[in-house]
Amino acid sequence: MKIVKRISALFIGLALMVALPVTAHASTNDDQQDIASLDMSVIDVHIQSRGAMTAEDLYDFLQSDAEKTVDIDAETGKITAVSEGITKPRIAVNNICNGHDSCLIHNRVPYADFGFSGTGTKTGNWPYRISWETGSHTAKAWYRHGYDVVGWGTKFGPHTKANMNAPVTAVQVTNYS
């Protein structure tokens, strides 16, 4: 009888050893952990056209193929805002200026002119710029003067050319429209 009890205890023990990892794994479902990690207090969960969302609804939205913009705190890695659609403007920079681009013009070979298409902001380092053209955009450019960043005039409307009296290093371009 003792042997039967020992064998039974052994089988129960083995069954528990096999079942516990499976149970533990099933209870730590990655999706559930991801949902639980959403800090709902800092997320703007009232997404336009979707209304207030639960953590599960928000997680499903984040996993969906819908266009969305997610802002993340670099220090904590937490999501701070979610909005439907691509709300961040897109701007592209090329080493040529096309007719509609805003354009940073150089005054020294072998430097190229740089054209900016689309809307948004690009930062960079474009030395030896002598003039700035807005093309078909309402736009603004900035340059470095000593340790300061200075606006290249104001925001100008389309088809404006602004000349500098000396070469500068441009550091930012914003096309508003």
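## Close-up views of a predicted model

**View 1. Here we look at strand β5 and its partners.** In β5, Leu-104 has Phe-114 as its bridge partner. Strands here, like helices, are DSSP runs numbered from the N terminus: at least two residues of E for a strand, at least four of H or I for a helix. Leu-104's own strand, β4 (residues 102-106), runs antiparallel to β5, and three bridges link the two. On top of that, β5 (residues 114-118) has four bridges to β3 (residues 91-94), again antiparallel. Look for Val-93, which sits opposite Phe-116 of β5. To count as a pair, two strands need at least two DSSP bridges between them.

A quick note before you go on: this is a predicted model, with residues numbered from 1 along each chain as its sequence is written. Local features need pLDDT of at least 70 and side-chain atom pairs pLDDT 80 or more, while totals for chains, interfaces and linings use all residues, and side-chain values use heavy atoms, leaving out hydrogens and water.

**View 2. Now for the hairpin of β1 and β2.** Five bridges hold β1 (residues 68-72) and β2 (residues 79-84) together as an antiparallel pair. One spot to find is Thr-69, whose bridge partner in β2 is Ser-83. Six residues lie between the two strands, and in this hairpin Gly-77 has a positive phi near 80°.

**View 3. What sits in the largest nonpolar core?** This core has 14 residues, and the ones touching the most other members are Leu-104, Phe-116, Trp-132, Ala-141, Trp-152 and Val-173. Strands β6 (120-133), β7 (139-145) and β9 (161-175) each bring at least two residues to this core, with β9 giving the largest share, five residues. A nonpolar core means buried Ala, Val, Leu, Ile, Met, Phe, Trp, Tyr and Cys residues joined through side-chain atoms within 4.5 Å. Buried is under 20% relative accessible area, exposed is over 50%, and partly exposed is in between (1.4 Å probe, protein chains only). Zoom in on Phe-116: leaving aside neighbours within four places in sequence, its contacts (heavy atoms within 4.5 Å) include Ile-91, Leu-104, Trp-126, His-137 and Val-173.

**View 4. Let's turn to helix α3 and another core.** Apart from the largest core there is another, of six residues, including Met-53, Leu-58, Phe-61 and Leu-62. Helix α3 covers residues 55-63, and its buried residues are Ala-55, Leu-58, Tyr-59, Phe-61 and Leu-62. Down the helix axis these buried residues fall within an arc of 160°, so they line one face of α3. (The arc is taken from the directions from the helix axis to the C-beta atoms.) An α-helix has 3.6 residues a turn, so residues three or four places apart point the same way.

**View 5. Cys-97 and Cys-103 form a disulfide.** Searching the whole structure turns up one disulfide, meaning a pair of cysteine sulfur atoms within 2.5 Å. Between Cys-97 and Cys-103 the S to S distance is 1.7 Å, and the link is right-handed, with 75° about the S-S bond. Are the two cysteines buried or exposed? Cys-97 is partly exposed at 30% relative accessible area, whereas Cys-103 is buried at 1%.

**View 6. Time for some backbone oddities and a buried loop residue.** Most residues other than glycine have a negative phi, and most peptide bonds are trans. Tyr-128, in strand β6, has a positive phi near 60°. His-159, in the loop between β8 (148-151) and β9, has a positive phi near 65°, and counts as exposed at 68% relative accessibility. Val-109 and Pro-110 are joined by a cis peptide bond, omega about 15°; Pro-110 is in the loop between β4 and β5. Thr-134 belongs to the loop between β6 and β7 and is buried, with a relative accessible area of 0%. Not counting residues up to four places away in sequence, Thr-134 touches several others, among them His-100, Asp-101, Phe-156 and His-159.

**View 7. Finally, how confident is the predictor?** The protein chain averages a pLDDT of 76, and 68% of its residues score at least 70. Over residues 3-28, though, the pLDDT is below 50, and this stretch has two contacts in the model beyond near neighbours in sequence. pLDDT is the predictor's confidence in each residue, from 0 to 100.
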